[in-house]
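Reader: Hello! I am new to this structure and would love a close look at one part of it.

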Amino acid sequence: EPNDKRVNDGDMLLFDMGAEYAGYTADITVSFPANGRFTDNQKFVYNTCLKANKAVQAAMRPGVAWPDMHRLAERTIVEEFIKEGLLINGTVEEMTEAYMGAIFMPHGLGHLIGLDVHDVGGYVNAPPRIQEPGIKYLRTTRTLEEGMVITVEPGVYFGDALIEAAYANPDQAKFMNKDKIEQFRGMGGVRIEDGVAVTKTGSELLSHNVPRTVQEIEEFMNRSN
């Protein structure tokens, strides 16, 4: 069914958009509040997602395995949830073993991009797909090489089906502060997607002109012109 929901004051919006130029593609996702002002909860979720995005970009370089970058994004999200009190009664390592990150980021971190938005070659001469929650949706398990262009798109979501399943799973429910998590139910989620090129010594952000911080987004949306 098409999404025909009316956008209300205070809703979070998520736009996943692409473009094509000279035969090459781009893929960018932005998330922002419809009224131009983040609530405290929206700000926390957004900043958690942005921190995961930036952590991955800082760690990218030739020789790094892409699944390790997915795990870094998940770990960053779990760490922030612990600090905010959404996840309790355990260490990051214990929560990682219970796949807590995949409850809130149930998709792969990113995909190759080039002549196609989801470019080919993700599993050419690559390790097999990892059959674990969340990470099994990665579109590539390859090791990064200079010249690759790949999307970095962590997400933080409060999806009813996955949260309810986690509540019903004792191995996961023991880490969940239900009262705190329920405060975030209904807001949907945030995804921040950038196009990033792998360089000889690190990475280069290609979508650098997109407003990304909370301050940049609020200033952009509240300009008089």
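Which helices and strands do the buried residues of helix 2 pack against?

Author: Happy to help! This is a predicted model, in which local features need pLDDT of at least 70 and side-chain atom pairs count only at pLDDT 80 or more, while totals for chains, interfaces and linings use all residues. Residues are numbered from 1 along each chain as its sequence is written, and side-chain values use heavy atoms, with hydrogens and water left out.

The buried residues of helix 2 pack against helix 1 (40-59), helix 3 (92-97), helix 4 (100-104), strand 3 (149-152) and strand 4 (155-157). Here helices (H or I, at least four residues) and strands (E, at least two) are DSSP runs, numbered from the N terminus. Buried means under 20% relative accessible area, exposed over 50%, and partly exposed in between (1.4 Å probe, protein chains only).

Helix 2 itself covers residues 66-84. From first C-alpha to last, its 19 residues reach 28 Å, close to the expected 27 Å; the expected span is 1.5 Å times one less than the number of residues. Among its buried residues are Trp 66, Met 69, His 70, Ala 73, Ile 77 and Phe 81. Residues three or four places apart in an α-helix point the same way, because there are 3.6 residues a turn. Just after helix 2, Gly 85 takes a positive phi of about 90°.

Now for two of the partners. Helix 1 has 20 residues and reaches 29 Å, close to the 28 Å expected, and its buried residues include Phe 44, Tyr 46, Leu 50 and Val 56. In strand 3 lies Val 149, which is partly exposed at a relative accessible area of 24%.

Conventions. Contact means heavy atoms within 4.5 Å.
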